Amino acid sequence: QVQLVESGGGLVQSGGSLRLSCAASGRAFIRSAMAWFRQAPGKEREFVAASSWEGGIIQYADSVKGRFTISRDNAKNTVYLQMNSLRPEDTAVYYCAAGPLSSQPNDFSAWGQGTQVTVSS
């Protein structure tokens with residue numbers, strides 16, 4: 001069973017940057033796509049970005065294109081989310097997930113505990 005642990009969240013001013021990390025353990029990480037989702041208070045969990053196992057296929061939500069970058073280091077079993085030009089509307093709990101290459105939360109069964117990102121205006 002794969003276990004995922006996110007880190008790197010925090011409080012940042014609008015226009016700032018943060019880098020989230022998600023460390024994975026377990027055999028399920030091997031050959032799995034990895035994705036980032038986020039959930040703001042009172043809202044549904046929404047797709048942010050996804051990467052195929054070898055990184056050849058990358059997907060982003062329109063709201064983060066050009067500002068966020070997903071990458072992965074398979075030797076370290078870690079996926080990253082570099083977030084630049086952050087906006088107050090990016091405030092949410094960010095989750096990583098392992099599974100198929102998909103933008104639908106219901107397609108994923110392996111989730112991290114989440115890390116809070118707060119962007120002040």
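**Figure 1. The disulfide of the predicted model.** The count comes to one disulfide. C22 and C96 form the link, with their sulfur atoms 2.0 Å apart. The C22–C96 link is right-handed, with 50 degrees about the S-S bond. C22 lies in strand β3 and C96 in strand β9, so the pair ties together parts that are 74 residues apart in sequence. Both cysteines, C22 and C96, are buried.

**Figure 2. The largest nonpolar core.** In soluble globular proteins, nonpolar side chains tend to be buried together. Here the largest nonpolar core holds 34 residues. L4, W36, V48, F68, L81, M83 and Y94 touch the most other members. Several strands each supply at least two residues of this core: β3 (18-25), β4 (33-39), β5 (46-51), β7 (68-73), β8 (78-83), β9 and β11 (115-120). Strand β9 gives the most, with five residues.

**Figure 3. The surroundings of V48.** V48 is among the residues that touch the most other members of the largest nonpolar core. Residues up to four places away in sequence are not counted here. With those set aside, V48 touches W36, F37 and R38. V48 also touches Q59, Y60, A61 and V64. F68, L81 and Y94 complete the list of its contacts. Of these contacts, W36, F68, L81 and Y94 are themselves among the core members with the most such neighbours.

**Figure 4. Strand β4 and its two partners, β9 and β5.** Six of the seven residues of β4 are buried, so the strand is mostly covered by the cut-off of under 20% relative accessible area. β4 and β9 pair in the antiparallel sense over seven bridges. A33 has G99 of β9 as its bridge partner. β4 also pairs with β5, again in the antiparallel sense, over five bridges. In this pairing, F37 stands opposite F47 of β5. The hairpin of β4 and β5 has six residues between the strands. In this hairpin, G42 takes a positive phi near 75 degrees.

**Figure 5. Aromatic pairs around W111.** The count comes to five aromatic pairs. In one of them, the rings of Y95 and W111 have their centres 6.4 Å apart. Their planes stand at 85 degrees, so the Y95–W111 pair is edge-to-face. Y95 lies in strand β9 (residues 92-99) and W111 in strand β10 (residues 110-111), so this pair ties together parts that are 16 residues apart in sequence. The rings of F108 and W111 have their centres 6.1 Å apart. With planes at 65 degrees, over the cut-off of 60, the F108–W111 pair is also edge-to-face.

**Figure 6. The aromatic cluster and its exposure.** Ring pairs link F37, F47, Y95, F108 and W111 into a cluster. F108 has 6% relative accessibility and counts as buried. Y95, at 14%, also counts as buried. W111 counts as partly exposed, at 24% relative accessibility. The cut-off for buried is under 20%, so W111 falls outside that class.

**Figure 7. Arginines over aromatic rings.** R45 lies over the face of W111, at 4.6 Å from the ring centre. W111 thus has a place in two views, since its ring also belongs to the cluster with F37, F47, Y95 and F108. The charged end of R19 sits over the ring of Y80. For R19, the distance to the centre of the Y80 ring is 4.0 Å.

Note on methods: Residues are numbered from 1 along each chain as its sequence is written. This is a predicted model: local features need pLDDT of at least 70, side-chain atom pairs count only at pLDDT 80 or more; totals for chains, interfaces and linings use all residues. Side-chain values use heavy atoms; hydrogens and water are left out. Rings of Phe, Tyr and Trp (its six-membered ring) pair if their centres lie within 6.5 Å; planes under 30 degrees apart count as stacked, over 60 as edge-to-face and the rest as tilted. Helices (H or I, at least four residues) and strands (E, at least two) are DSSP runs, numbered from the N terminus. Buried means under 20% relative accessible area, exposed over 50%, partly exposed in between (1.4 Å probe, protein chains only). A charge sits over a ring if NZ of Lys or CZ of Arg is within 6 Å of the ring centre and within 35 degrees of the ring normal. A nonpolar core is a set of buried Ala, Val, Leu, Ile, Met, Phe, Trp, Tyr and Cys residues joined through side-chain atoms within 4.5 Å. Contact means heavy atoms within 4.5 Å. Two strands pair if DSSP finds at least two bridges between them. A disulfide is a pair of cysteine sulfur atoms within 2.5 Å.
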